[in-house]
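Open the model in your viewer and keep the selection box ready. We will go stop by stop, and each stop says what to select.

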Amino acid sequence: MVDLERIKDEARRLLKEGEVRGVIGYVQGPKGVWAVPALIQNPDDVDRLIWNPTCIHNLSLFVVEEKKDQARQKEPDKRPLAVVVKGCDSRAINVLLQEKFIEREEVILLGISCENSGVVDQKKLVSLLHGQKIEDIVYGDNGHIVVAINGERRVFAPDEVLADRCLECRANFPVISDYFFGEKIERESAPSFTQVEEIEKMRLEERRRFWEKEMARCLRCYACRSVCPMCYCAECVVDPISFAVEPTTSAEEKAKKIKWIEKSPLLSENFVYHLVRAIHLAGRCVDCGECERVCPEGIPIRLLNKKLEREALRLFNYVAGMDSQAPSLFSTFKETDPEDFIR
Amino acid sequence: MNSEHEPRIVAFLCKWCSSAGSDMAGVSRLEYPPNVIPITVMCSGSVSPLYILSAFNLGADGVLVSGCHPGDCHYIKGNMYARRRMALLKELLPYIGLEPERFQMSWVSAAEGLKFTQIIKEFVEQLKPLGPQTQLRRYL
């Protein structure tokens with residue numbers, strides 16, 4: 001079991017000794033039991049930290065946000081930032097290190113092992129409980145999730161309530177960390193690409209209809225982009241207003257900016273947006289599942305990223321975020337890379 | 001009105017080989033279908049998947065990326081990077097329902113004018129029965 005007190009002690013010590021400028025962790029949110037991310041800067045606030053199956057968010061996103069914020073400050077605090085990381089978060093940190101977006105000294109990682117469980121899927125849980133108010137959620141034995149409702153305790157098996165990505169997770173412990181809490185348990189996980197294979201089994205027209213149905217719903221709210229720790233580009237191809245305008249950018253340069261796709265949520269534009277995003281995340285997506293969680297329309301965005309994750313594994317034997325020293329997928333090649341599709 | 005659809009192909013040709021290869025086809029007076037819109041790029045490695053998606057978005061029925069044979073890249077290894085990138089895109093497009101024939105890649109050297117014409121001929125033949133590409137095309 002993960003000992004929350006030990007995490008708090010470590011966080012408190014780091015803050016008291018001034019080793020870090022803040023601790024990013026989970027605290028109790030204002031809405032019932034669900035955890036929310038928080039930046040803690042005062043040692044007295046450390047007691048607010050929690051760890052339970054509702055700690056869904058990928059906190060590496062806030063490392064990116066902090067880094068961007070620092071770039072805007074005149075005299076930024078150069079001390080590192082302590083971050084609570086789960087397995088998937090740690091892989092995201094690895095990708096950021098690999099791409100040299102952050103340096104290793106900039107973060108102190110408080111790694112938490114999910115052991116033989118994971119985090120819950122809010123939608124699954126709410127529908128199982130028919131929307132009843134949840135009073136408490138804690139980890140039980142053997143990865144079970146114990147939920148308190150109406151003063152009574154209900155125990156759920158991991159398969160019932162865990163998020164899909166957790167059920168398919170192959171490294172449910174931090175692959176990089178400075179402090180490690182909990183045990184490294186090699187858990188039996190479901191085969192990773194079942195959903196992708198189901199789509200591949202469809203005929204071409206069926207696949208097209210399936211994706212058209214999904215993509216037609218996209219509102220282009222860009223929530224998936226905002227929540228993704230890998231979408232840190234200052235300038236995004238799909239969104240011409242966000243291109244980096246500097247004091248030296250002339251009016252002509254602004255006017256000449258290529259508009260790759262329309263902003264209106266047309267089916268074709270939605271397709272191109274999601275394909276561009278998927279290909280941009282190839283070999284970088286660590287499957288934290290945040291994009292799918294935040295999508296207000298419930299589009300299975302993760303399936304696109306999963307497909308590329310599988311092809312990267314099948315064709316190039318590459319898994320994202322396992323090694324911060326290894327070259328990234330597209331910055332290297334092998335003589336033996338497949339080329340049977342080339343004429 | 002049941003005339004056959006004339007496909008439009010956007011071809012990203014490497015300046016150092018495939019573009020010269022198409023030139024070779026021209027000066028050799030080899031005939032091939034006029035359905036190709038050639039775009040010369042400095043290297044097949046400089047072709048972003050975004051260019052290809054954008055070509056489909058703007059109405060291309062097929063996209064060809066053509067570069068130097070492995071080992072012949074003017075920039076030593078640009079085509080090898082392209083090979084990786086395009087391999088993934090090649091897998092991704094049919095996954096969302098686009099016919100796999102619509103996106104192709106080839107190695108054409110500056111001397112292979114004949115190979116270039118054959119690739120275009122076959123590409124056009126493959127695209128004709130598929131009809132216009134409507135999935136990624138922007139209709140305003």
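A cavity is a set of grid points where a 1.4 Å probe fits but cannot get out, and its lining residues have an atom within 4 Å of a point. Keep in mind that this is a predicted model.

**Stop 1: the second largest cavity**

Select C218(A), L219(A), R220(A), C221(A), Y222(A), A223(A), C224(A), Y273(A), H274(A), C295(A), P296(A) and I301(A). These residues line the second largest cavity. Its volume is about 80 Å³. Now colour helix 9 and helix 11 (267-280) of chain A: each supplies at least two residues of this lining. What classes of residue make up the lining of the second largest cavity? There are 10 nonpolar, one polar and one charged.

**Stop 2: the largest cavity**

The structure holds three cavities of 30 Å³ or more. Go to the largest, with a volume of about 120 Å³. Select C228(A), C285(A), C288(A), C291(A) and N305(A); of the 17 lining residues, these lie nearest the centre. Next, show three helices of chain A: helix 9 (223-227), helix 12 (290-294) and helix 13 (301-316). Each gives at least two residues to the lining of the largest cavity. By class, this lining has 10 nonpolar, two polar and five charged residues.

**Stop 3: helix 8 against helix 11**

Select helix 8 (residues 204-215) and helix 11 of chain A. Their axes come within 9 Å and cross at roughly 100°. Angles of 65 to 115 degrees count as roughly perpendicular, so helix 8 of chain A is roughly perpendicular to helix 11 of chain A. Show the side chains next. Helix 8 brings W211(A), E212(A) and M215(A) to the contact, and helix 11 brings L267(A), N270(A), F271(A) and H274(A). You met H274(A) at the first stop, in the lining of the second largest cavity.

**Stop 4: across to chain B**

Keep helix 11 of chain A and add helix 2 (residues 49-57) of chain B. How do the two helices run relative to each other? Their axes come within 10 Å and cross at roughly 170°. They are therefore roughly antiparallel. On the chain A side, pick S268(A), E269(A), V272(A), L275(A), V276(A) and I279(A); on the chain B side, pick P49(B), L50(B), L53(B) and N57(B). This contact has seven nonpolar, two polar and one charged residues.

**Stop 5: the five-stranded sheet**

Switch to cartoon view. Five strands of chain A form an open sheet in the order 2-1-3-4-8, with mixed pairing. Strand 2 (35-40) and strand 8 (179-181) stand at the edges with a single partner strand each, so one side of each has no neighbour in the sheet. From one strand to the next, the twist averages 25°. Zoom in on strand 1 (residues 22-28) and strand 3 (residues 81-85) of chain A: they run parallel, joined by three bridges. V23(A) has A82(A) of strand 3 as its bridge partner. Now add helix 3 (residues 87-98) of chain A, which packs on the sheet and touches strand 1, strand 3 and strand 4 (107-112).

**Stop 6: the three-stranded sheet**

Here strands of chain A form an open sheet in the order 5-6-7, with antiparallel pairing. Strand 5 (134-139) and strand 7 (152-156) stand at the edges. Strand 6 (residues 145-149) is joined to strand 7 by five bridges. Finish by selecting V147(A), which stands opposite R154(A) of strand 7.

Notes: Residues are numbered from 1 along each chain as its sequence is written. Chains are lettered from A and ligands numbered from 1 in the order in which they are written. This is a predicted model: local features need pLDDT of at least 70, side-chain atom pairs count only at pLDDT 80 or more; totals for chains, interfaces and linings use all residues. Side-chain values use heavy atoms; hydrogens and water are left out. On a 1 Å grid over the protein atoms alone, a cavity is a set of points where a 1.4 Å probe fits but cannot get out, and a pocket is an open set with protein on both sides within 12 Å along at least five of seven lines; lining residues have an atom within 4 Å of a point. Grid points are joined across faces, edges and corners, and a volume is the space filled by probe spheres set on the points. Helices (H or I, at least four residues) and strands (E, at least two) are DSSP runs, numbered from the N terminus. Ala, Val, Leu, Ile, Met, Phe, Trp, Tyr, Cys and Pro count as nonpolar, Asp, Glu, Lys and Arg as charged, and the others, Gly among them, as polar. Axes are lines fitted to C-alpha atoms, for helices over the stretch in contact, and angles run from 0 to 180 degrees between N-to-C directions. Angles under 35 degrees count as roughly parallel, over 145 as roughly antiparallel, 65 to 115 as roughly perpendicular and the rest as oblique. Contact means heavy atoms within 4.5 Å. Two strands pair if DSSP finds at least two bridges between them.
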